[in-house]
Amino acid sequence: MAANKSVLFLPGDGIGAEVAAEVKKVIDWMGDNRALEFDVTDGLIGGTAYDQTGSPLPRETIEAAHAADAVLLGAVGGPKWETLPFEDQPERGLLGIRKEMGLFANLRPALVFDALADASTLKYDVVAGLDIMILRELSSGIYFGEPRGIEDLGGDRRRGYNTLTYTSDEVRRIGEVAFDLAAKRNKRVCSIDKANVLQATVMWREEMIKVGERHPDIELSHMYVDNAAMQLVRNPKQFDVVVTTNMFGDILSDCAAMLTGSLGMLPSASLGEPDESGNRPALYEPVHGSAPDIAGQGIANPLAMILSFSMMLRYSFDLAGEADAVDAAVEAVLAKGLRTGDIMEDGKTRVSTEEMGAAVLAELSAAA
Ligand code: IPM
Ligand code: MG
């Protein structure tokens, strides 16, 4: 029998633990009904890790992440830790684990579920049926570029600075992922840059064109980021795969997420370079944050985290059938009108985090 799949659970802060608990039930269901055994271990990250160990990313967590087949992360951050020194803040834990695991490719699908097309702030026709993939470069760019810092200029004057940098290798490897994704989708890649102003992205565009030449069956287009932000709300269905830098991807993916009605619905996958034996470092997390305002109340939407587990099944374990089953169960509970507060609409049934998780399990069992 194949070795068990090892999954490191990092619930993190705020609603992380609540939504993670629902995913664990889905994992147990897979063990009971599909004979898929997962070895799940828990680890610490973010503010919770800081409180218990003095670091937002304890060494043990890094080691456990390297040892696991895949990592499932909840969310980090909260007002409690905002006044800590910069290097101790929860966000350093998240950025640190991305860097440590070499996760350069961040897949953020923006998919509109039929049952939720009315929940978007945009008109039904603009978003119904939307299915785009934002591919964000995750381990370089201005998020990590050196030099960076805040320096004293004397008196009460200071200078703050960060550096936007990419090497051609970094652009080519994210470019290859974009074209591979497009090959399995609608065969279009739109690369987003600011090549009219920023040299680093002039080079980005030139390298993307070179990658594109190796994939003649995929259509490559380019757009400046300001125009892309506008086009995303004007006519999002013009996009298939959108590939962009770390910071532009951070911003555009929130924008794309909102087209779908709620951040509470969207999963993401962050992938690294496969090693010699083909194992690919991978971390899955919902796009939403730790939502400290509703943490502990049992009302958070667990669907983004459940869908993140589905992405894990698909991308880390090649279990497309099981991933499809999870996705279908989510569609089914939405079609039945169950809603957590973030996606609540008139005439629908408001449910708690646990009730939503239980409903997904019931749909999985009904379909099995
Ligand atoms: C995201 C988040 C993070 C980012 C923060 C929490 C550091 O906004 O995953 O999009 O900026 O990458
Ligand atoms: Mg973000």
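Visitor: Let's start with β4 and β5. How many bridges join strand β4 to strand β5?

Guide: This is a predicted model, so keep that in mind as we go. Strand β4 covers residues 105-111 and strand β5 covers residues 131-137, and the two run antiparallel. One facing pair is L111 and D131, the latter in β5. The number of bridges joining β4 to β5 is seven.

Visitor: Which strands stand at the edges of the sheet?

Guide: The sheet is open, has ten strands with mixed pairing, and follows the order β2-β1-β3-β12-β11-β4-β5-β10-β8-β9. Two of its strands have a single partner strand each, so one side of each is left without a neighbour in the sheet. Those edge strands are β2 (38-42) and β9.

Visitor: And by how many degrees are neighbouring strands of this sheet turned against each other on average?

Guide: We're still on the sheet with the order β2-β1-β3-β12-β11-β4-β5-β10-β8-β9. Ignoring direction, the average turn between its neighbouring strands is 20°.

Visitor: Now β12. Is it largely enclosed or left open by the rest of the structure?

Guide: A282, Y284 and P286 point one way from β12, L283 and E285 point the other way, and all are buried. That makes five of the five residues of β12 (residues 282-286) buried, so the strand is largely enclosed.

Visitor: Which residue in β12 is the bridge partner of P267?

Guide: β12 pairs with β3 in the parallel sense over two bridges, and there V71 has L283 as its partner in β12. With β11 the pairing is antiparallel, over five bridges. For P267, the partner in β12 is P286.

Visitor: Let's look at helices. At about what angle does α8 run to β9?

Guide: Helix α8 takes in residues 225-234 and lies across β5, β8 (188-193) and β9. Another helix, α3 (residues 59-67), lies across β1 (5-12) and β3 (70-75), running at about 145° to β1. For α8 against β9, the angle is about 105°.

Visitor: Is M223 buried or exposed?

Guide: M223 sits in strand β9, residues 219-224. Beyond its neighbours within four places in sequence, M223 is in contact with C190, S191, I192, D193, R205, A228, Q231, Q238 and F239. The C-alpha atoms of M223 and C190 are 7.0 Å apart, with their positions 33 residues apart along the chain. Its relative accessibility is 12%, which is under the 20% cut-off, so M223 counts as buried.

Visitor: Which residue shares a side-chain polar contact of 3.0 Å with E207?

Guide: E207 belongs to helix α7 (residues 199-213) and, at 5% relative accessibility, counts as buried. Leaving out neighbours within four places in sequence, E207 is in contact with S168, V171 and R172. S168 is 39 residues away in sequence, yet 6.4 Å from E207 between C-alpha atoms. The polar contact of 3.0 Å joins the side chain of E207 to that of K210.

Visitor: Last one: which element gives the most to the lining of the largest pocket?

Guide: The largest pocket has a volume of about 790 Å³. Of the 26 residues lining it, the closest to its centre are L107, M133, M311, R314 and Y315. Elements giving two or more residues to the lining are β4, β5, α6 (168-183), β11 (267-271), α10 (303-315) and α11 (320-335). The one that gives the most, with five residues, is α10.

Note on methods: Residues numbered from 1 in each chain as written. Chains lettered and ligands numbered in written order. Predicted model: local features only at pLDDT ≥ 70, side-chain atom pairs only at ≥ 80, totals over all residues. Heavy atoms only, no water. Helix = DSSP H or I, 4+ residues; strand = E, 2+ residues; numbered from the N terminus. Buried < 20%, exposed > 50% of the residue type's maximum accessible area, 1.4 Å probe, protein only. Contact = heavy atoms within 4.5 Å. Polar contact = N/O pair within 3.5 Å; in protein donor to acceptor, adjacent residues only side chain to side chain. Pairing = 2+ DSSP bridges. Axes fitted to C-alpha atoms, helices over the stretch in contact; angles between N-to-C directions. 1 Å grid on protein atoms, 1.4 Å probe; cavity = no way out; pocket = protein on both sides within 12 Å on 5 of 7 lines; lining within 4 Å. Points joined across faces, edges and corners; volume = space filled by probe spheres on them.
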